[in-house]
Amino acid sequence: MQAHINQEASNTWLRKGNMYGEKEGFMVAIQDQVINTRYYSKHIIKDPNTITDKCRLCKQQIETIDHIITGTQSTPEDTTM
Ligand SMILES: [Zn+2]
């Protein structure tokens with residue numbers, strides 16, 4: 001837990017319960033950082049088919065959730081995921 005995060009506001013969407021289960025599960029997975037990024041696949045799952053943990057867009061930085069949300073430098077033109 002980080003002190004600057006508003007727990008009340010951050011969890012309102014969960015308490016309201018007006019979201020489809022699939023979407024709720026997906027958002028919880030993002031919060032828990034268990035989305036299938038290349039970093040997750042290579043270092044956590046240790047999938048032998050994942051050769052690189054580099055980002056699929058910029059191919060320079062490590063593909064983590066933080067990088068996808070805040071860090072990728074790619075322009076929309078080369079978004080071909
Ligand atoms: Zn990137």
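**Exercise 1.** Is K59 exposed or buried, and how many other C-beta atoms lie within 10 Å?

*Solution.* Start with the source. This is a predicted model, in which local features need pLDDT of at least 70 and side-chain atom pairs count only at pLDDT 80 or more, while totals for chains, interfaces and linings use all residues. Residues are numbered from 1 along each chain as its sequence is written.

Next, take the classes: a residue is buried if 20 or more other C-beta atoms lie within 10 Å of its own, exposed if 12 or fewer, and partly exposed in between, with C-beta atoms placed from the backbone. K59 has 11 other C-beta atoms within 10 Å, so K59 is exposed.

**Exercise 2.** Describe the backbone at K59 and K46, and place both residues in the chain.

*Solution.* First, the elements: helices (H or I, at least four residues) and strands (E, at least two) are DSSP runs, numbered from the N terminus. The chain has 4 helices and 0 strands, and its order along the sequence is α-α-α-α.

Second, the location. K46 lies in the loop between α3 (38–45) and α4 (65–71), and K59 is found in the loop between α3 and α4.

Third, the torsions. Most residues other than glycine have a negative phi. K46, although not a glycine, has a positive phi of about 60°; K59, also not a glycine, has a positive phi of about 55°.

Last, the surroundings of K46: with 8 other C-beta atoms within 10 Å, K46 is exposed.

**Exercise 3.** Determine how many residues of helix α1 are buried, and state what follows α1.

*Solution.* Helix α1 spans residues 7–16. Of its 10 residues, the number buried is 0, so α1 lies largely in the open. After α1 comes G17, with a positive phi near 65°. For the chain, 6% of the 81 residues count as buried.

**Exercise 4.** Characterise V28 and V34 by location, exposure and spatial partners.

*Solution.* Begin with V28, which is in helix α2 (residues 21–31). V28 has 11 other C-beta atoms within 10 Å and is therefore exposed. Its C-alpha atom is separated by 9.2 Å from that of L14, 14 residues apart along the chain.

Continue with V34, found in the loop between α2 and α3. V34 has 13 C-beta neighbours inside 10 Å, so V34 counts as partly exposed. Two residues are in contact if their C-beta atoms, placed from the backbone, lie within 7 Å. Leaving aside neighbours within four places in sequence, V34 is in contact with A29 and Y40. The C-alpha atoms of V34 and I65, 31 residues apart along the chain, are separated by 8.9 Å.

Finish with the chain: of its contacts with a separation of 6 or more, 26% are between residues 24 or more positions apart.
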